[in-house]
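Q: I should like to learn how to read a protein structure, one feature after another. Where may we begin?

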Amino acid sequence: MIYSFTPPAVVGIPVVDSPALFPVHRIYCVGRNYEEHAKEMGGTGREAPFFFMKPADAVLYCAPDATAQMPYPTLTSNLHHEIELVVAIGVGGHHIKAADAHRHIFGYAVGLDMTRRDLQNDMKKQSRPWCIGKGFEHSAPIGAITPASQVPGIEQARIALEVNGQMRQNSVISKMIWNIAETIEQLSIGWTLQAGDLIYSGTPEGVGAVQAGDVLVGSVDGLSDLRMIITAPTAA
Ligand code: MN
């Protein structure tokens with residue numbers, strides 16, 4: 001095959017205890033999947049799940065025992081953190097039933113759904129798409145992927161985010177409105193899931209702004225921590 005120019009490289013995420021990278025296909029995100037977060041965003045707390053996407057190359061890999069760098073993005077003065085459990089799909093499918101969902105899961109990782117909240121809110125007010133608030137460069141930090149077989153209790157795991165050593169978000173995965181299996185069932189009605197898809201499964205309450213210089217440490221029990229510093233905006 002000859003291309004007009006060199007195609008972009010596949011985005012690959014390291015997998016714990018494996019030499020092979022997880023090749024990213026799409027990034028799906030779930031909106032308002034924890035009741036207390038839905039309330040802080042102005043919702044009723046229990047709504048049908050809804051989804052949005054980020055481009056695969058929004059991934060910012062955060063290696064264990066290192067501090068990844070996220071440049072403060074353009075156009076915003078209200079960059080928010082949303083700590084999330086990421087589900088990595090290893091087997092695709094359409095109309096997957098919740099009872100079968102576990103067969104499609106490759107593993108899990110800690111992720112951040114970084115959000116230009118001011119732009120997202122502006123777009124919401126105008127009934128326009130959120131892409132500019134959600135799907136920008138480096139907006140999908142993620143730690144190493146742990147195979148599902150190594151974390152059988154993930155549904156009961158604690159999920160937390162500290163900023164500069166202070167706890168900002170602290171909850172448990174079991175508080176999800178739509179659990180992992182139900183999320184896969186719903187998502188696979190609207191789209192055909194493929195091996196390589198990532199699902200950012202929603203954030204608990206406590207979202208807030210970060211500034212250049214802030215250090216974020218995200219964790220989910222049993223998974224590789226995510227450590228990241230916000231750096232000065234990249235020069236235009
Ligand atoms: Mn989110």
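A: We begin with a definition: donors are N, O and S atoms within 2.8 Å of the metal. Please keep in mind that this model is predicted.

Q: Which residues coordinate the manganese ion, and at what distances?

A: Three residues coordinate the manganese ion: E82 and E84, each through OE, and D113 through OD. The distances run from 2.0 to 2.1 Å. Along the sequence, the donor residues follow the spacing E-x1-E-x28-D. E84 belongs to strand 8 (residues 83–89), while D113 sits in the loop between strand 9 (105–112) and strand 10 (115–116), so this pair ties together parts that are 29 residues apart in sequence.

Q: Are E84 and D113 buried or exposed?

A: Buried means under 20% relative accessible area. Both E84 and D113 are buried.

Q: How does one find empty space inside a structure, and how many cavities of 30 Å³ or more are there?

A: Rolling a probe the size of a water molecule over the atoms shows where empty space is left. In this structure there is 1 cavity of 30 Å³ or more. The largest cavity holds about 110 Å³ of space. Its lining consists of 16 residues, and G31, R32, H37, E82 and K134 lie nearest the centre. E82 is also one of the residues that coordinate the manganese ion.

Q: Which elements supply the lining of the largest cavity, and what is its chemical character?

A: At least two lining residues come from each of strand 3 (27–31), strand 4 (50–54) and helix 2 (117–125). Helix 2 gives the largest share, with 3 residues. By character, the lining comprises 5 nonpolar, 5 polar and 6 charged residues.

Q: Which residues of helix 2 are buried, and what covers them?

A: The buried residues of helix 2 are R117, D118, L119, Q120 and M123. Their cover includes strand 7 (79–81), strand 10 and helix 3 (131–134). Just after helix 2, S127 adopts a positive phi of about 55°.

Q: What lines the largest pocket?

A: A pocket, unlike a cavity, is an open set of points. The largest pocket contains about 150 Å³ of space. Its lining is formed by P71, Y72, P73, T74, R116, F136, E137, H138 and T234. These residues divide into 4 nonpolar, 3 polar and 2 charged.

Q: How should one read a nonpolar core, and which residues touch the most other members of the largest one?

A: In soluble globular proteins, nonpolar side chains tend to be buried together. Here the largest nonpolar core has 43 residues, and M114, I184 and M228 touch the most other members. Elements that each supply at least two residues of this core include strand 3, strand 8, strand 9, helix 4 (180–190) and strand 18 (226–231). Apart from this core lies another, of 18 residues, among them F22, V24, A109 and L198.

Q: What does M228 touch, not counting residues up to four places away in sequence?

A: M228 touches a set of residues that includes L60, C62, M70, L112, M114, P141 and V215.

Q: Where is G143 found, and why does it count as buried?

A: G143 is found in the loop between strand 11 (140–142) and strand 12 (146–147). G143 counts as buried because its relative accessibility is 0%. Leaving aside neighbours within four places in sequence, G143 is in contact with I13, Y61, C62, A109, V110 and L226. The C-alpha atoms of G143 and V59 are separated by 10.0 Å, although these residues are 84 residues apart along the chain.

How values were computed: Residues are numbered from 1 along each chain as its sequence is written. This is a predicted model: local features need pLDDT of at least 70, side-chain atom pairs count only at pLDDT 80 or more; totals for chains, interfaces and linings use all residues. Side-chain values use heavy atoms; hydrogens and water are left out. Donors are N, O and S atoms within 2.8 Å of the metal (3.2 Å for Na, K and Ca); water is not among the atoms, so sites may look incomplete. Helices (H or I, at least four residues) and strands (E, at least two) are DSSP runs, numbered from the N terminus. Buried means under 20% relative accessible area, exposed over 50%, partly exposed in between (1.4 Å probe, protein chains only). On a 1 Å grid over the protein atoms alone, a cavity is a set of points where a 1.4 Å probe fits but cannot get out, and a pocket is an open set with protein on both sides within 12 Å along at least five of seven lines; lining residues have an atom within 4 Å of a point. Grid points are joined across faces, edges and corners, and a volume is the space filled by probe spheres set on the points. Ala, Val, Leu, Ile, Met, Phe, Trp, Tyr, Cys and Pro count as nonpolar, Asp, Glu, Lys and Arg as charged, and the others, Gly among them, as polar. A nonpolar core is a set of buried Ala, Val, Leu, Ile, Met, Phe, Trp, Tyr and Cys residues joined through side-chain atoms within 4.5 Å. Contact means heavy atoms within 4.5 Å.
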